[in-house]
Structure formats: structure tokens, C-alpha cells
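Here is a walk through one protein chain. Keep the structure in view as you read.

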Amino acid sequence: MTLILSSDDAPHFLTQLCDWFAQEWGEMDPMDLRQSDLEGPSPLLAISEEEKLIGGLAFTIAPEPQGTTNSIWINALLVAPEHRGKGVASTLIRAAEKAAALKNITKLFVYTEYAALYTGCFWELLETKEGNSVLSKALEPRVQEDQL
């Protein structure tokens with residue numbers, strides 16, 4: 001079973017996650033939300049039964065599609081190659097939805113080349129251009145925190 005944790009609860013995994021993100025996409029700061037007035041969730045970590053990092057997800061702030069209002073977006077989602085195809089990415093997406101709802105975020109966005117992954121989690125496809133898609137998910141506010 002995969003455990004999903006906020007990086008606030010397991011900060012010792014953040015360096016490894018940042019290294020993975022940098023290898024995949026170049027330098028990025030998965031904590032960049034902390035420099036904004038808009039409060040978003042901390043990065044999420046997928047941890048194996050052996051207590052190893054097997055994946056992660058980070059958020060960013062960007063304008064909504066066709067608008068100027070800033071919103072929270074999933075910025076990066078990565079699962080270690082040997083753990084792909086086992087539902088870890090979908091589990092991270094569902095945890096991201098819960099984490100965002102706990103921050104009173106009512107809509108989450110993503111720009112991705114893997115639209116089917118998100119539509120499988122009931123996200124709405126907004127547009128597709130040159131192989132990449134923008135999707136969104138309306139969120140219900142959550143009153144209390146439970147396991148992500």
C-alpha cells in the first residue's frame with residue numbers, strides 16, 4: 001500500500017523529490033507557493049511500504065485559463081519508473097484534490113501531456129493544443145483533515 005504524506009510531515013524526502021523533478025524538467029522549486037498571497041498545499045509524497053519515496057506532486061500558482069485570476073495548478077507529478085502503472089499517480093491526484101480542498105481551493109488546474117490520467121480521475125478537459133491539455137477539477141470544501 002502506498003502512503004501519501006504532505007512534505008510538511010516528511011521534509012527529509014524533499015531533496016530527493018527536487019532532484020527527481022530537476023532530472024525530469026530542469027530546475028524548479030516545488031515550494032514556490034510560499035512566496036504568494038494565495039495559500040496552496042505543500043508538495044505531496046508517495047511513500048512505499050519500505051518507507052522509500054516512490055513519487056511526488058507539487059503545486060504552483062498561475063492565471064486561470066482565459067483569465068487573469070491566479071489559481072492553484074498541479075505543477076509536477078512524477079512516479080519512479082519501477083512504480084508506474086500501479087495507480088500511484090492517480091492516488092497522488094486524488095490526494096492533491098483533498099489537500100487543495102482543505103485549503104479552501106474550489107478549483108484545481110493542470111497542464112499536461114497525460115490528459116487521460118486526469119480524465120480517469122474525473123477531471124474536465126478544457127482545451128488541447130499541440131499534444132498538451134488543460135484540465136480542471138471543481139472541489140468541495142473539506143471541513144476537517146483526514147488522511148490524504
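Begin with a hairpin. S2 and S3 pair in the antiparallel sense, over four bridges. Two strands count as paired if DSSP finds at least two bridges between them. Strands themselves are DSSP runs of E, at least two residues long, and helices are runs of H or I, at least four residues long; both are numbered from the N terminus. In this pairing, isoleucine 47 stands opposite leucine 53 in S3. Five residues lie between the two strands of the hairpin. In the turn, glutamate 51 has a positive phi of about 60 degrees.

A word on the source. This is a predicted model, in which local features need pLDDT of at least 70 and side-chain atom pairs count only at pLDDT 80 or more, while totals for chains, interfaces and linings use all residues. Residues are numbered from 1 along each chain as its sequence is written, and side-chain values use heavy atoms, with hydrogens and water left out.

Now look to the other side of S2. Four bridges join S2 to S1, and these two strands run antiparallel. Here leucine 3 has isoleucine 47 as its bridge partner. Are the faces of S2 covered or open? Both are covered. Leu44 and Ala46 on one side are buried, as are Leu45 and Ile47 on the other. Buried means under 20% relative accessible area, exposed means over 50%, and partly exposed lies in between (1.4 Å probe, protein chains only). Across the chain, buried residues make up 44% of the 148 residues.

Step back to the whole sheet. It is open, has seven strands and follows the order S1-S2-S3-S4-S5-S7-S6, with mixed pairing. At the edges are strand S1 (3-6) and strand S6 (124-129), each pairing on one side only. From one strand to the next, the twist averages 25 degrees. S6 pairs with strand S7 (residues 132-138) in the antiparallel sense, over five bridges. There, threonine 128 has serine 133 in S7 as its bridge partner.

Next come two helices. Helix H1 (residues 14-25) packs on the sheet, touching S2, S3 and S4. Its direction makes about 70 degrees with that of S3. Helix H2 (residues 88-102) also packs on the sheet, touching S1, S2, S3, S4, S5 and S7. The direction of H2 makes about 155 degrees with that of S4. Touching is contact: heavy atoms within 4.5 Å. For the angles, axes are lines fitted to C-alpha atoms, for helices over the stretch in contact, and values run from 0 to 180 degrees between N-to-C directions.

Finally, trace the chain from the N terminus. Its elements run β-α-β-β-β-α-β-α-β-β.
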